Structures are given as C-alpha cells and as structure tokens.
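Q: I would like a close look at a single part of this protein, set in the context of the whole chain. Please describe what the part is made of and what surrounds it.

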Amino acid sequence: MIGLFKSKKKNQETSIQPDEWPKHVESLNHSSFDEFINKYPLSVIDFWAPWCKPCKTMLPRLRRLERLYTGKVAFGRVDTQQEKNIAKKYNIMGIPHFGFFHHGKKIGSATGVKSVGDMKDIIDEYLAKY
C-alpha cells in the first residue's frame with residue numbers, strides 16, 4: 001500500500017503539462033508567489049531590488065538557465081522593495097538571494113552573484129534529490 005501511495009504522489013508531481021511551465025522568468029508578487037512555488041517540483045526564486053547592480057547581473061543568467069531547464073525548473077523573481085512581507089517571511093537579508101523550493105517548501109538558498117555554471121551545479125543537485 002505504501003508503495004502505491006509513493007507511486008501516485010510521484011505521478012502527481014510530474015503531471016504538469018508542458019504548456020503549463022513558464023516560458024520566461026516570472027515576476028511574482030504577494031498574490032502569485034504561493035501559487036507559483038506550490039505548483040512546481042522545483043522552482044528557483046530570485047529575490048532582488050531595482051537598485052541592486054549585482055541583481056541586474058543575474059537576470060540574463062536566469063533567463064539562460066530558464067531556457068536550459070524548460071519543463072524541469074520554474075524561475076521567478078520577487079522585488080524585495082515591493083514585496084517586503086515575502087522577503088521577511090523567508091528571512092532575506094542580502095540580495096541577490098536565490099530560494100530553491102520543492103512544491104512550496106524551501107529546500108535551500110544561495111546568496112550573491114553566481115555564474116551560470118555555479119547555478120547549474122546547484123540546480124542539478126536539487127533535481128537529483130527531488
């Protein structure tokens with residue numbers, strides 16, 4: 001019985017249709033954030049601010065990663081100046097900050113400018129686990 005439950009849960013997690021995955025890095029706010037992180041098996045959220053130059057450096061890298069992981073990872077961004085409550089909830093102290101979520105549960109984070117290769121290493125590690 002337990003084996004059947006695990007099998008069913010796995011199928012539920014992978015039941016997202018290809019056209020339901022974001023086609024770009026989604027801008028998230030208080031009304032879309034929870035739905036976004038709960039929907040996908042792995043989502044990467046970029047916590048940023050408009051005045052942050054390192055944050056601006058990361059956007060093209062996230063767009064590249066989004067193309068590399070289409071259908072496997074969902075990418076979103078949260079402006080910490082506009083969405084202070086989300087930043088506070090996840091204890092975001094420095095930006096750029098990347099939160100990694102598995103169906104709504106925060107499973108890890110990274111702070112600071114990262115290369116595409118470094119981000120790929122982190123994402124691949126989470127994909128192997130989840």
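The request is narrowed to one helix below, and a connected answer follows.

Q: Which residues of helix H3 are buried, and what covers them?

A: The model discussed here is a predicted one. Some context for the whole chain comes before the helix itself.

The secondary structure consists of 5 helices and 5 strands, and from the N terminus the elements run in the order α-β-α-β-α-β-α-β-β-α. Of the 130 residues in the chain, 42% are buried. Among contacts with a separation of 6 or more, 70% are between residues 24 or more positions apart. The chain exposes about 7,800 Å², and carbon and sulfur atoms supply 52% of that area.

Helix H3 covers residues 53-68. Its 16 residues should span 22 Å at 1.5 Å a residue, and the end C-alpha atoms are 24 Å apart, so the two values agree. The helix nevertheless has a bend of about 25 degrees at Leu59, and a proline, Pro60, follows within four residues.

The buried residues of H3 are Cys55, Met58, Leu59, Leu62, Leu65 and Glu66. The elements that cover these buried residues include E2, E3, E4 and H5. The contacts of individual residues show how this cover is built.

Leu65 is a suitable starting point. This residue of helix H3 has a relative accessible area of 0% and therefore counts as buried. Leaving aside neighbours within four places in sequence, Leu65 is in contact with Phe75, Val116, Met119, Lys120 and Ile123. One of these partners, Val116, is 51 residues away along the chain, yet the C-alpha atoms of Leu65 and Val116 are separated by 7.0 Å.

Met119 gives the view from the other side of this contact. Not counting residues up to four places away in sequence, Met119 touches Met58, Leu62 and Leu65, and its partners also include Val44, Phe98, Phe100 and Lys114. Three of the buried residues of H3, namely Met58, Leu62 and Leu65, thus appear among the contacts of Met119.

These contacts lead to the largest nonpolar core. In soluble globular proteins, nonpolar side chains tend to be buried together. The largest nonpolar core here has 17 residues, and the members that touch the most other members are Val44, Leu65, Phe75, Phe100, Met119 and Ile123. Two or more residues of this core come from each of helix H3, strand E4 (97-102), strand E5 (105-111) and helix H5 (116-129). Helix H5 gives the largest share, 4 residues. A second, separate core has 16 residues, including Phe33, Ile37, Tyr40 and Ile45.

Other residues of H3 meet a charged side chain. Arg77, in strand E3 (residues 74-79), touches Cys55 and Leu59 of the helix, and its contacts beyond four places in sequence also include Val25, Glu26, Ser27, Leu28, Asp46 and Trp48. Arg77 has a relative accessibility of 11%, below the 20% limit, and so counts as buried. Its side chain forms a salt bridge with that of Asp46, at 3.2 Å from N to O. Asp46 lies in strand E2 (residues 43-48) and Arg77 in strand E3, so that the pair links parts of the chain 31 residues apart. Both residues of this salt bridge are buried.

A search of the whole structure finds 3 salt bridges, and the remaining pairs offer a comparison with Asp46 and Arg77. Lys39 pairs with Glu20, with the closest N and O atoms 3.7 Å apart. Lys39 lies in helix H2 (residues 33-39) and Glu20 in the loop between helix H1 (2-13) and strand E1 (26-28), so this pair ties together parts that are 19 residues apart in sequence. Lys39 is partly exposed, at 31% relative accessibility, and Glu20 is also partly exposed, at 33%.

Glu125 forms a salt bridge with Lys129, the closest N and O atoms being 3.9 Å apart. Both residues belong to helix H5, and because they are 4 residues apart, about one helical turn separates them. Glu125 is partly exposed, with a relative accessible area of 47%, whereas Lys129 is exposed, at 55%.

In summary, the buried residues of H3 are covered by elements that include E2, E3, E4 and H5. Leu65 is in contact with Met119, while Cys55 and Leu59 are among the residues that Arg77 touches.

Conventions. Residues numbered from 1 in each chain as written. Predicted model: local features only at pLDDT ≥ 70, side-chain atom pairs only at ≥ 80, totals over all residues. Heavy atoms only, no water. Buried < 20%, exposed > 50% of the residue type's maximum accessible area, 1.4 Å probe, protein only. Contact = heavy atoms within 4.5 Å. Core = buried A, V, L, I, M, F, W, Y, C linked by side-chain atoms within 4.5 Å. Salt bridge = Lys/Arg side-chain N within 4 Å of Asp/Glu carboxyl O. Expected span 1.5 Å × (residues − 1). Bend = angle between axes of the 7 residues up to and from the residue. Areas by Shrake-Rupley, 256 points an atom, 1.4 Å probe, with all protein chains shown as cover.
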